[in-house]
Amino acid sequence: MTIRIESLKFPELNRIGSWRDEGGQKVGGYYTQEEIRQVVAYASERFINIVPEIDLPGHTGDIVATMPELSCSGEPHMVGFGTGLNPRILCAGNEKVYDFLYELLDEVFQLFPGPYFHIGGDEAPKSEWEKCPRCQKKIKDANLKDEEDLQAWFTGRLIEFLESRGKTVIGWNEILASGTVSPKAIAQYWIESGSEYSDKEADKGRKFVFSNMSAFYLDYPCALIGMRSIYNYNPYIIDGKPIPKEQVLGLEAPLWTERVIENSHVERLVFPRLLALAENNWTVEKDFTDFMSRAGSYTEYLLEQGITATPITECDYHGMEGARMAGTQIVEVVTGFTQAQKDKELRGKALRQLGCILLDSFLKRSGYSQDEQALAHESMETAIQDMGF
Ligand SMILES: [Zn+2]
């Protein structure tokens, strides 16, 4: 990923950090501040509050590619290095990092006047912090137990700053891992591991937004995230306890558009699945059959309006047919994740491993039988073999 917001205080972030090289092609771009103001105003007129996310300290590889002095090693690297889980992150032991962040965030607050601010906090590999004398000194000086605790401390400083600006903080559920993060921070539950710490935090009365990857991620195809998966979902931590209603702020269906370029593709992924999310959010007495008949008519209406919605019959796979489709469609997803691997044998291995892990998490959520699960794995294997692996 690259930097998507224009900074007038740090223009180098856009000149360098907003663009990456992909096979000799310059890929990227960013929203100007004027464009962001237009989007925020358009949403506001429709009573929609846009919550910005600046992911910290993970997913900051493109900040440190622009300003290597803010990383632990100080060594330069390419923008877009290791797209996804990138070990190059901001140094938590360097005070200059905090000065930079406070200045940058103050600039971002001017664009987004709403009360909430998302600080990410997910996918922050700690390998650089483990080797960095400054990070290790900070752990010692602040009496922290390890690098995980250092992330909580880093997050704590951001929360303090954000609260001083009147903002309520939201972070992905990994911010809870240390058990020491401020109880005021809202957790957005996406990754279905770490139920042990999420459970404990729920007991403390923490508030949650639910956007579980295997129930709501709209960048995944319909056989994996279908209408019934979204509609029937009740907010709970997987393998854990239900969360008291007053601690559930709502449900969100993320659509990560890094590789979704065309508007028609966005529409196909969003509609009609967004209808299932909306009705789940506001309805107490749910009736899936009744909902699907109404959603079918509404999808027809959307198509008549020129919106490229997915036909309703392709949004609700289940049983043996659903399992077979899930096995095939998971390969489309993992193909994207493993593109950077050039070695054919390793890539085949990665496709199978990642495919199995992801497929199982979707199958578990959707309540498929043993036979259906076996069929899903079989159809995944066939699809991988068809690709020549
Ligand atoms: Zn460091």
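**Exercise 1. Find the loop that holds P272, then work out which kind of peptide bond leads into P272.**

Step 1: P272 sits in the loop between α11 (263-270) and α12 (273-282). Helices here are DSSP runs of H or I with at least four residues, strands are E runs of at least two, and both are numbered from the N terminus.

Step 2: Check the bond from F271 to P272: it's cis, with omega near 5 degrees.

Before you go on, keep in mind that this is a predicted model: local features need pLDDT of at least 70, side-chain atom pairs count only at pLDDT 80 or more, and totals for chains, interfaces and linings use all residues. Residue numbers start from 1 along each chain as its sequence is written.

**Exercise 2. Explore the loop between α2 and α3: look at P57, F47 and H59.**

Step 1: Start with P57, which lies between α2 (33-45) and α3 (61-66). A cis peptide bond joins L56 and P57, with omega about 0 degrees.

Step 2: Move to F47, found in the loop between α2 and α3. F47 isn't a glycine, yet its phi is positive, about 60 degrees.

Step 3: H59 lies in the loop between α2 and α3 too. H59 is not a glycine either, and has a positive phi of about 55 degrees.

Step 4: Are F47 and H59 buried or exposed? Count other C-beta atoms, placed from the backbone, within 10 Å of the residue's own: 20 or more is buried, 12 or fewer is exposed, and in between is partly exposed. F47 has 6 such neighbours, so F47 counts as exposed. H59 has 20, so H59 is buried.

**Exercise 3. Trace the order of the open sheet and pick out its edge strands.**

Step 1: Follow the 5 strands in the order β3-β4-β5-β6-β7; their pairing is parallel. Two strands pair if DSSP finds at least two bridges between them.

Step 2: The edges are β3 (116-118) and β7 (248-251), each pairing on one side only. From one strand to the next, the twist averages 25 degrees.

Step 3: Zoom in on β5 (residues 186-189) and β6 (residues 208-210), which run parallel and are joined by 3 bridges. For Q188, the bridge partner in β6 is V209.

**Exercise 4. Describe how α14 packs against α16.**

Step 1: Get the geometry. α14 (residues 319-337) and α16 (residues 370-386) pack at about 35 degrees, with axes 7 Å apart. Axes are lines fitted to C-alpha atoms, for helices over the stretch in contact, and angles run from 0 to 180 degrees between N-to-C directions.

Step 2: The α14/α16 crossing is right-handed, meaning the near helix is turned clockwise from the far one by less than a right angle.

Step 3: Look at who meets whom. On α14 the contact includes M320, A323 and I330, and on α16 it includes L375, M380 and I384. Contact means C-beta atoms, placed from the backbone, within 7 Å.

**Exercise 5. Sum up the protein chain as a whole.**

Step 1: Tally the secondary structure: 16 helices and 7 strands.

Step 2: For overall dimensions, the C-alpha atoms fill a box of roughly 55 × 50 × 40 Å along the principal axes.

Step 3: Finish with burial: 34% of the 389 residues are buried.

Terms used: Two residues are in contact if their C-beta atoms, placed from the backbone, lie within 7 Å.
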